[in-house]
Amino acid sequence: MRVLLIGANGYVGRFVADRLLADPAVQLTALGRGDDADVRFDLASGSPGALTRFLDAVHPQVVVNCAGATRGGARELTRHNTVAVATVCEALRRSGCGARLVQIGCGAEYGPSQPGSSTAEDAVPRPGGPYGVSKLAATELVLGSGLDAVVLRVFSPAGPGTPAGSPLGRLAEAMRRAMQSGDGELKLGGLGAQRDFVDVRDVARAVHAAALSAAQGVINIGSGRAVRLRDAAAILARVAGYGGALHELDGPPGGHFRAPIGHPRADADHAAPVAYPDGCGSWQQADVRTARDRLGWRPRINLEESLADIWMEAACRI
């Protein structure tokens, strides 16, 4: 099976590439902006015609799009998340390859949801920020393209390779610094949000399954369980062997959610904001029954293992 992977150097794309390369039946070609891509092409500025010519030459059976931007202003997000997908869809429509499209969407497309609820694919999307809006626009382009296509709405990916600027990445870096300097207290902000964390390797398995399936439309990819960020912080502290106190700046009365050990430090310089700026409010939890039923997919890797891998990478910087 000939697969064209777009965005192979990104956080999710690297693991998708590894998963696809492990399948002896897959012949993989990587397209991207980096020098190490098989083919260099910028979706945000390249023309659909140029991409069509490449598709006709390579003739992939599946195109997987993991490319996109998670940060930046509305203009940049629109270029990399929406215009780029419009280019892919138009090129596939013009091409004679007839390839199936697997588009990586995100849970931020849904926006805030009711605490305690699970968000299914038929929920009305109401993104709360420019990132979610740009990704939702891309999803609508894919669904309206007339192509053989599926959009995987990935909730909060975690695990090895987690970007240092992400909430879990910042949390691990704050803990690393506290341990390196011998701080007995780590002050954290923005830990009230609850998110559905799914390991990036499980996401890659879902992409592989989607590439092989005939499923179309939108499919949620998550763990099916919301976890409060303060609980993730406590798990990370246990995994890291951090014996100090975790002090939540904007948390419940009392502020501490682990007993202090040693001599706490109280200066504001050690506060670490790890809030989720995704426009999804205080709660997100995926309903993942469609992924089970249509892809035969279930998450396998628990959050503790994901956090252990995040910590392993952070600890290497000590």
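Helices H5 and H7 lie oblique to each other, a class for angles that are not under 35 degrees (roughly parallel), over 145 (roughly antiparallel) or 65 to 115 (roughly perpendicular). Colleagues, the model I am presenting is predicted: local features need a pLDDT of at least 70 and side-chain atom pairs count only at pLDDT 80 or more, while totals for chains, interfaces and linings use all residues. Residues are numbered from 1 along each chain as its sequence is written, and side-chain values use heavy atoms, with hydrogens and water left out.

I begin with the packing of H5. Helices here are DSSP runs of H or I with at least four residues, and strands are runs of E with at least two, both numbered from the N terminus. Two packed helices are described by the angle between their axes and the distance between the axes. The axes of H5 and H7 come within 11 Å and cross at roughly 45°; axes are lines fitted to C-alpha atoms, for helices over the stretch in contact, with angles running from 0 to 180 degrees between N-to-C directions. The crossing of H5 and H7 is right-handed, that is, the near helix is turned clockwise from the far one by less than a right angle, whereas an anticlockwise turn would be left-handed.

Which residues of H5 and H7 make the contact? From H5 they are Pro167, Leu168, Leu171, Ala172, Met175 and Met179, and from H7 they are Leu229, Ala232, Ala233, Leu236, Ala237 and Ala240, contact meaning heavy atoms within 4.5 Å. This contact of H5 with H7 comprises 12 nonpolar residues, no polar and no charged ones. In this scheme Ala, Val, Leu, Ile, Met, Phe, Trp, Tyr, Cys and Pro are nonpolar, Asp, Glu, Lys and Arg are charged, and the others, Gly among them, are polar.

H5 also packs against helix H9, residues 303-315, where the axes come within 9 Å and cross at roughly 50°. H5 and H9 are therefore oblique to each other, and H5 passes H9 in a right-handed crossing. On the H5 side the contact is made by Leu168, Ala172, Met175, Arg176 and Met179, and on the H9 side by Leu307, Ile310, Trp311 and Ala314. The residues of this contact of H5 with H9 divide into 8 nonpolar, no polar and 1 charged.

Arg176 leads us to the salt bridges. A salt bridge is a side-chain nitrogen of Lys or Arg within 4 Å of a carboxyl oxygen of Asp or Glu, and by this rule the count comes to 15. Arg176 meets Glu173 in one of them, at 2.6 Å from N to O. Both residues lie in helix H5, residues 167-181, and are 3 residues apart, about one turn of the helix. An α-helix has 3.6 residues a turn, so residues three or four places apart point the same way. Are Arg176 and Glu173 buried or exposed? Both are buried, where buried means under 20% relative accessible area, exposed means over 50%, and partly exposed lies in between, with a 1.4 Å probe and protein chains only.

A further salt bridge joins Glu248 to Arg230, with the closest N and O atoms 2.7 Å apart. This pair links distant parts of the chain: Glu248 belongs to strand E12 (residues 245-248) and Arg230 to helix H7 (residues 229-240), 18 residues apart. Glu248 and Arg230 are both buried. Elsewhere, Glu90, Arg93 and Arg94 are joined into one network by salt bridges that share partners.

The side chains of Asp199 and Arg201 also form a salt bridge, at 2.7 Å from N to O. Asp199 is buried, with a relative accessible area of 1%, whereas Arg201 is partly exposed at 24%. Both residues reappear around Ser306, which lies in helix H9. Leaving aside neighbours within four places in sequence, Ser306 is in contact with Ala158, Gly159, Asp199, Arg201 and Ile301. Ser306 counts as buried because its relative accessibility is 2%.

Finally, I turn to the loop between H2 and E4, in which His59 lies. His59 has a phi near 55°, a positive value in a residue other than glycine, and is partly exposed, with a relative accessible area of 33%. Gln61 is placed in the loop between helix H2 (48-58) and strand E4 (62-65) as well, and counts as partly exposed at 39% relative accessibility. Not counting residues up to four places away in sequence, Gln61 touches Met1, Arg2, Ala99 and Arg100.
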